Structure formats: structure tokens, C-alpha cells
Amino acid sequence: MDIKTAVKVIKALPANISVLFRGPHGIGKSEVVRQLADELGLKLLDRRMSQCSEGDTVGLPKQTMITGPDGKTYDITSFCPPEFIAIAKHTPSILFLDEINRATQEVMQACFQYALDRCDFQGDKFHPGTRVFAAVNTGGNYQVNEMDPALLDRFFVIDLAPSDQDFFDHAESRPESQGGPMDPDLLRFLKERPSRLDAAKANPGSVQPSRRSWVRLDSVYKANKIYALDMDKDASAKGFAYSLAVGLVGLEPSSDLVDFLSKRETRFNATHVLDSYQTTAVKIKKLGQDKLNTLIDLIVEDAKANVWTPAQSENLGHFIGDIPAELRVSFITNFTKALRDQPNFTPNFKVINPTVMPHIVRAFNPNAVIGGQAAPAATPDPAAQAEAKPAKKSKK
């Protein structure tokens with residue numbers, strides 16, 4: 001189940017239904033829980049059960065006195081609940097039992113009561129608004145305990161399989177409290193090479209990329225101002241960037257990344273098309289289809305946040321006219337799909353209608369005449385124009 005579907009399903013569940021996320025490490029299980037806590041306005045109580053002892057989970061005993069039915073007082077033992085359980089009883093919260101299948105058997109047994117009975121060891125109930133979540137890593141590469149059917153039966157189980165777009169959407173909108181949006185250069189690298197998002201194959205003992213490790217690398221690069229370095233001209237800067245990456249995402253992804261970051265002349269964004277296409281057209285025309293697809297994605301993302309001016313629409317029209325017909329269709333398809341429910345759809349569609357849509361129509365019918373006009377000419381190539389000019393005769 002992808003993340004958007006998982007969030008939608010969870011919001012539809014009653015608060016008293018406990019949810020278990022299953023999946024490989026680093027795919028965003030914890031991020032989904034944090035997102036839900038923010039959206040639902042609940043306090044997040046995040047506990048790594050693998051680091052808990054039985055006392056940390058059920059609380060510690062204390063001696064107290066009660067008065068029996070015969071009027072006599074008796075010494076008894078009761079339990080003081082852990083702080084996070086006390087909060088879950090009195091405050092609407094999300095109780096997140098992470099790495100539950102790495103916990104000891106005693107701790108896992110204690111989680112039975114939290115997940116199903118929604119109460120502490122004394123039987124005191126959680127707040128009605130408190131929700132219980134748990135997460136486990138699954139697969140043959142982890143040293144974990146099996147969850148027996150009795151424990152598994154206490155949860156609504158979600159096998160989380162986030163899509164690439166799930167990750168990209170989160171990386172672009174990550175709140176400042178979590179490090180802010182991912183740098184556009186790193187995000188573009190991953191969009192162009194989505195196979196790098198996760199490990200290509202299980203290889204225990206080696207450093208391999210995960211979605212979580214790319215997020216961590218972004219924070220390391222930002223802290224060291226790596227994105228501002230000119231790695232094309234400074235070999236030591238390139239080496240430093242590689243050294244910072246290799247410990248988080250592994251050898252091959254690190255080498256691929258620093259090579260990508262060093263080639264600044266092939267890295268274009270929406271601004272290069274919308275605001276300065278006349279000066280960038282020569283280089284953009286030389287881009288391969290993968291890079292053009294990425295550039296189209298960035299232009300569509302810009303449309304979500306901005307209403308384009310007529311001048312920007314004019315530049316966009318030249319760009320659309322210069323790319324292959326199948327990419328023109330890809331642009332309008334992605335534009336419509338991404339913006340149809342957005343407030344910027346109508347104003348942006350109106351402004352691009354006279355400059356872009358003729359090129360879209362001619363992608364299907366190259367000889368179409370629109371508004372009494374034939375197809376507009378492609379953006380002039382200064383280099384080609386220079387070659388075409390006849391040489392001046394020298395004066396003797």
C-alpha cells in the first residue's frame with residue numbers, strides 16, 4: 001500500500017483500532033506516523049521497543065495500602081506506569097511502538113495490552129482519542145522475532161510500499177522542523193535515477209541507499225554547504241562530497257551523485273525555461289530525453305506554486321515547440337493531471353493556450369493550421385545561424 005492510500009485508510013479507522021506497519025527499513029514508516037500526528041493534532045509518543053526492558057514498558061512496582069471490606073488496612077503492590085503511558089491515558093496521543101519485533105518476548109507480551117485492550121498494566125484505559133501504532137521491519141535480512149498470530153491479530157496490518165512519487169512529494173514539502181525541503185539538485189538526481197532510491201539488491205554488511213539515508217545525506221550536505229561548491233573545477237571539493245556520501249548511501253550511488261553535481265551545465269530548472277530560454281535554448285536542446293522529462297516535471301511543479309506571466313508563457317511555448325512530439329504530449333498530460341484540482345490550473349491554462357497549445361495540437365497533426373497560422377518556427381539556434389551566414393569578402 002502506498003503512503004497516500006495508507007493515510008486515507010488510517011483516517012477512516014476508529015481510534016480504537018491499532019495499526020501495524022510492515023516493510024523494509026528506511027521506507028518512511030516513522031515518517032507516516034509523524035505526518036499523521038501533525039495532521040490529526042495529536043501528541044506523538046515515540047518509543048523504540050527494542051531498547052525497552054519489561055520495567056520500561058509496564059512500569060515499576062510500588063507499595064501502597066488499601067482498606068478492605070472488613071475495615072482493616074492491607075499492604076499491596078501496584079505499578080507506577082511509565083511517563084508515556086500516563087500521557088496516553090490523559091491526553092489524546094499517538095502511541096508509536098517502533099521496532100516491536102526487535103523487542104524481547106516479555107516486552108512484546110506487554111504490548112498485547114496496549115494494542116488490544118488500550119490500557120496500562122493496572123487496567124486504566126487510554127484516552128478515547130489516543131491511537132496506537134506499531135512498526136516492524138520485514139524480510140530475511142533482519143535479526144527480529146516472529147510475531148505470533150495472537151499478537152498480529154491485534155492490529156490492522158498495512159504492508160507499506162511507498163511509491164517513488166510518495167518520496168518526492170514528501171521531500172519537496174518537508175517541514176522546517178524536519179530539515180526543510182530537500183535540495184533541488186539532489187531531488188533532481190533522484191528523479192532522474194529513481195533506481196537509486198533504494199538498494200538494488202540485498203547485500204548484508206554493505207552500505208546501501210535507502211530513502212531515509214538520502215534524507216540524512218541532504219542534511220549533511222546542507223550543513224557543509226556542499227551544494228554551493230564548484231565540483232567541476234575543484235577536485236578536492238568533489239572528493240569531499242564523495243567522502244560525505246559514501247558512508248550513508250554506498251560506493252556506486254555516491255560516485256554517480258558527485259558526477260551529476262559536478263556537471264552544472266546540464267542541470268536546468270523551470271527558471272531557465274520560463275525566464276531565460278533565449279539564452280539557455282542551445283544547451284537545453286542538447287539534453288537527452290531523461291533530462292528533458294525531469295525538466296518538464298520541474299516546470300509543472302513551478303505551475304503549482306506560481307501563475308505564469310505572458311512573457312513566461314512565450315518562453316514556454318518556444319521550449320515546447322523545440323522538444324519531441326511525445327514529450328509535448330507528456331507535458332500537457334502531466335500539467336493537467338497535477339493541476340486540475342489546483343487553483344493555478346485555470347489562470348495558467350489560459351496564459352499558455354495561445355503559445356503552447358498549438359504545439360500540442362501539432363504533436364498529433366504536424367500540418368494543422370490553427371487560427372489561420374501554420375506551425376511557428378523553432379527557437380533560433382545562434383550557433384547554427386552563425387554557420388549559415390556567408391563569409392564576408394576581404395577587401396584588398
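Phe-21 and Phe-133 are both buried, and that is where I'd like to start today. Please keep in mind throughout that this is a predicted model.

So how are those two rings arranged? Phe-21 and Phe-133 make a stacked aromatic pair, with 6.1 Å from centre to centre and 10 degrees between the planes. Phe-21 sits in strand S1 (residues 19-23) and Phe-133 in strand S6 (residues 131-137), so this pair ties together parts of the chain that are 112 residues apart in sequence.

For contrast, have a look at Tyr-221 and Tyr-227. Their rings meet edge-to-face, at 5.5 Å centre to centre and with 80 degrees between the planes. Buried or exposed, you may ask, for Tyr-221? Tyr-221 has a relative accessible area of 0%, so it is buried. Tyr-227 comes out at 12% relative accessibility, and therefore counts as buried too, the cut-off being under 20%.

Across the model there are eleven aromatic pairs. There is also an aromatic cluster, and its members are Trp-308, Phe-331, Phe-335, Phe-345 and Phe-349. One more ring deserves a mention here: Phe-168 has the charged end of Lys-191 sitting over it, 5.8 Å from the ring centre.

That lysine brings me to charges. How many salt bridges does a search of the whole structure find? The count is 16, and I've picked out a few for you.

Let's take Glu-39 and Lys-11. They form a salt bridge whose closest N and O atoms are 2.4 Å apart. Glu-39 belongs to helix H2 (residues 29-40) and Lys-11 to helix H1 (residues 3-12), so to speak two distant parts of the chain, 28 residues apart, linked by this pair. Glu-39 is partly exposed, at a relative accessible area of 42%. Lys-11 is partly exposed as well, and its relative accessible area is 42%.

Next comes Arg-48, which bridges to Asp-98, with 3.5 Å between the closest N and O atoms. Here two strands are involved: Arg-48 lies in S2 (residues 43-48) and Asp-98 in S5 (residues 93-98), so the pair ties together parts 50 residues apart in sequence. What about exposure in this pair? Arg-48 is partly exposed, with a relative accessible area of 29%, whereas Asp-98 is buried, with 8%.

The third example is Asp-256 with Arg-193, whose side chains meet in a salt bridge at 3.2 Å, N to O. Asp-256 is in helix H11 (residues 251-262), while Arg-193 is in the loop between helix H8 (184-192) and helix H9 (211-223), and the two are 63 residues apart. Asp-256 has 19% relative accessibility and counts as buried, because the cut-off for that label is under 20%. If you follow the contacts around this spot, you'll find a network of salt bridges that links Glu-192, Arg-193, Arg-196 and Asp-256.

Now for the backbone, where two residues may catch your eye. Glu-99 is not a glycine, yet it has a positive phi of about 55 degrees. You'll find Glu-99 in the loop between S5 and helix H5 (105-117). Its relative accessible area is 23%, which makes Glu-99 partly exposed. Lys-225 is the other one: its phi is near 55 degrees, again a positive value in a residue other than glycine. Lys-225 is in the loop between H9 and helix H10 (235-249). At 60% relative accessibility, Lys-225 counts as exposed.

Let me finish with a pocket, the second largest in the model. How much space lies in it? The figure is about 710 Å³. It is lined by 19 residues, and the closest to its centre are Gln-165, Asp-169, Glu-301, Lys-304 and Ala-338. Which helices contribute to this lining? Helix H7 (164-173), helix H14 (289-305) and helix H16 (325-339) each supply at least two of the lining residues. As for the chemistry of the second largest pocket, its lining divides into eleven charged residues, four polar and four nonpolar.

That's my tour, so do rotate the model and find these places for yourselves. Thanks for listening!

Notes
Residues are numbered from 1 along each chain as its sequence is written. This is a predicted model: local features need pLDDT of at least 70, side-chain atom pairs count only at pLDDT 80 or more; totals for chains, interfaces and linings use all residues. Side-chain values use heavy atoms; hydrogens and water are left out. On a 1 Å grid over the protein atoms alone, a cavity is a set of points where a 1.4 Å probe fits but cannot get out, and a pocket is an open set with protein on both sides within 12 Å along at least five of seven lines; lining residues have an atom within 4 Å of a point. Grid points are joined across faces, edges and corners, and a volume is the space filled by probe spheres set on the points. Helices (H or I, at least four residues) and strands (E, at least two) are DSSP runs, numbered from the N terminus. Ala, Val, Leu, Ile, Met, Phe, Trp, Tyr, Cys and Pro count as nonpolar, Asp, Glu, Lys and Arg as charged, and the others, Gly among them, as polar. A salt bridge is a side-chain nitrogen of Lys or Arg within 4 Å of a carboxyl oxygen of Asp or Glu. Buried means under 20% relative accessible area, exposed over 50%, partly exposed in between (1.4 Å probe, protein chains only). Rings of Phe, Tyr and Trp (its six-membered ring) pair if their centres lie within 6.5 Å; planes under 30 degrees apart count as stacked, over 60 as edge-to-face and the rest as tilted. A charge sits over a ring if NZ of Lys or CZ of Arg is within 6 Å of the ring centre and within 35 degrees of the ring normal.
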